[in-house]
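Here are some notes for a first look. Please keep the structure open beside them and check each point as you go.

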Amino acid sequence: MSLSRGRRLGAFVFLAPGLAYLVVLLLVPLALVLSYTVFQRGRFGGVIYEFTWENFERLFDSLYLRVLVDSLEMAGLATLIALLLGYPTAYMIARLPRKWKTIALVAIVLPFWTNFIIRVYAWIILLSPEGLINGWLQAFGLGPYELLYNRGAVVLGLLYSYLPLMVLPLYASIEKLDPQLREASANLGASAFTTFRKVTLPLTVPGVFTGCLFVFVPSFGNFVIPEMLGGGKSAMVGNLIRTEFLSARDWPFGSALALALIAVLLVLLVVQAWVTRRA
């Protein structure tokens, strides 16, 4: 056996498990979803294998477009707030002494050590009319307020759940900056704000877009938080897809919705890759 052939065989042996995983758990389900989009729903659910474009036409119904717009608004707002909170946090962590950086980063990822559902339930306890937040407000003669089962509660839940996914890529982007660039800017007479605006921020644009993508993508398709903190009043695309598959048993239209969601996310990935390459 030649050396080159042995290398190819070794590479195939190491790549085979990962490729099998992608084919079985990603490509095959995606192909099934794609195929269902052009078939019809059975009278009592299921799939009738008769070709139709009706599922794609229904996507442009005003009801579903409204859900799509609401999902974009809530996911976009959560992403924007996460950026405004995450960038200063990541910047300050990057400037800490080394031993404190580790402690700060552990504190950032600490919520992920707790089950996701438990963390969402904790917000129900905090935001309920008899919860801790309303209790504190009433101690000052305020409230109680309807803090739960509205769009604000959904955005808050998304922000809390995915804020660490904004901080970590921003920290990595800021941490690898050459400190001599900031020193040179200061030596040339630039103020701290000018240095940040013209040196630090432009060089961390890839981290900004990566963090925004990490927050927006899971927020856009989330259905647990809108269901639990929104009380079903603030439906998002994920809720709609789940309803079509499990309640309405309309697999073809649910597949069309899932395909539309994947298409939106692919566009975002392409934009993020383009911005990163340009930066």
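1. Start with Tyr 149. This residue sits in the loop between α6 (132-139) and α7. The model is a predicted one, and in it Tyr 149 has a positive phi of about 60 degrees, although it is not a glycine. Is Tyr 149 buried or exposed? Neither label fits: Tyr 149 is partly exposed, because its relative accessible area of 39% falls between the cut-offs of 20% and 50%.

2. Now turn to Arg 249. Its place is the loop between α12 and α13. Phi is positive here too, near 55 degrees, and Arg 249 is a residue other than glycine. With 43% relative accessibility, Arg 249 counts as partly exposed. Both loop residues deserve a look in the viewer.

3. Next, the chain as a whole. Its secondary structure comes to 13 helices and two strands. The radius of gyration is 24 Å, while the globule rule gives 19 Å for 279 residues, so the chain is more spread out than a compact globule. The C-alpha trace spans about 80 × 70 × 35 Å along its principal axes.

4. Some totals for cover and contacts follow. Of the 279 residues, 35% count as buried. Take the contacts between residues at least 6 apart in sequence: 67% of them join residues at least 24 apart. The chain exposes about 16,900 Å². Carbon and sulfur atoms supply 70% of that area.

5. Then charge. How many positive and negative side chains does the chain have? There are 22 positive and 14 negative ones. The centres of the two sets lie 15 Å apart.

6. Helix α10 merits its own point. It covers residues 205-220, which makes 16 residues. At 1.5 Å a residue the helix should span 22 Å, and its end C-alpha atoms are 22 Å apart, so the expected and modelled spans agree.

7. Which residues of α10 are buried? Among them are Gly 207, Val 208, Gly 211, Val 215 and Phe 216. Thr 210, Cys 212, Leu 213, Ser 219 and Phe 220 are buried as well. An α-helix has 3.6 residues a turn, so residues three or four places apart point the same way. Keep that in mind when reading the list. The buried residues of α10 pack against α3 (62-94), α7 (151-175), α12 (237-247) and α13 (251-278).

8. Ala 75 shows the α3 side of this packing. This residue is in helix α3 and counts as buried, because its relative accessibility is 0%. Leaving out residues up to four places away in sequence, Ala 75 touches Phe 216, Ser 219 and Phe 220. Those three residues are among the buried ones of α10. Ala 75 and Tyr 160 are 85 residues apart in sequence, yet 12 Å apart in space, C-alpha to C-alpha.

9. Tyr 162 gives the view from α7. It lies in that helix and counts as buried, because 11% relative accessibility is under the 20% cut-off. What does Tyr 162 touch, not counting residues up to four places away in sequence? The list is Phe 116, Val 215, Pro 218, Ser 219 and Asn 222. Tyr 162 and Gly 211 are 49 residues apart in sequence and 9.7 Å apart in space, C-alpha to C-alpha.

10. Back to α3, for Glu 73. This residue is in the helix, and at 39% relative accessibility Glu 73 counts as partly exposed. Beyond its neighbours within four places in sequence, Glu 73 is in contact with Arg 66 and Arg 151. Glu 73 and Met 236 are 163 residues apart along the chain, but their C-alpha atoms are separated by 9.9 Å.

11. Last, Ser 255. Its place is in helix α13. Which residues is Ser 255 in contact with, leaving aside its neighbours within four places in sequence? They are Val 33, Tyr 36, Thr 37 and Phe 245. Ser 255 is buried, because its relative accessible area is 0%.

How values were computed. Residues are numbered from 1 along each chain as its sequence is written. Side-chain values use heavy atoms; hydrogens and water are left out. Helices (H or I, at least four residues) and strands (E, at least two) are DSSP runs, numbered from the N terminus. The expected span of a helix is 1.5 Å times one less than its number of residues. Buried means under 20% relative accessible area, exposed over 50%, partly exposed in between (1.4 Å probe, protein chains only). Contact means heavy atoms within 4.5 Å. The radius of gyration is taken over C-alpha atoms; the globule rule is 2.2 Å times the number of residues to the power 0.38. Accessible areas come from the Shrake-Rupley method with a 1.4 Å probe; for residues, only the protein chains shown count as cover. Lys and Arg count as positive and Asp and Glu as negative; His and the chain ends are not counted. The place of a charge is taken as NZ of Lys, CZ of Arg, CG of Asp or CD of Glu.
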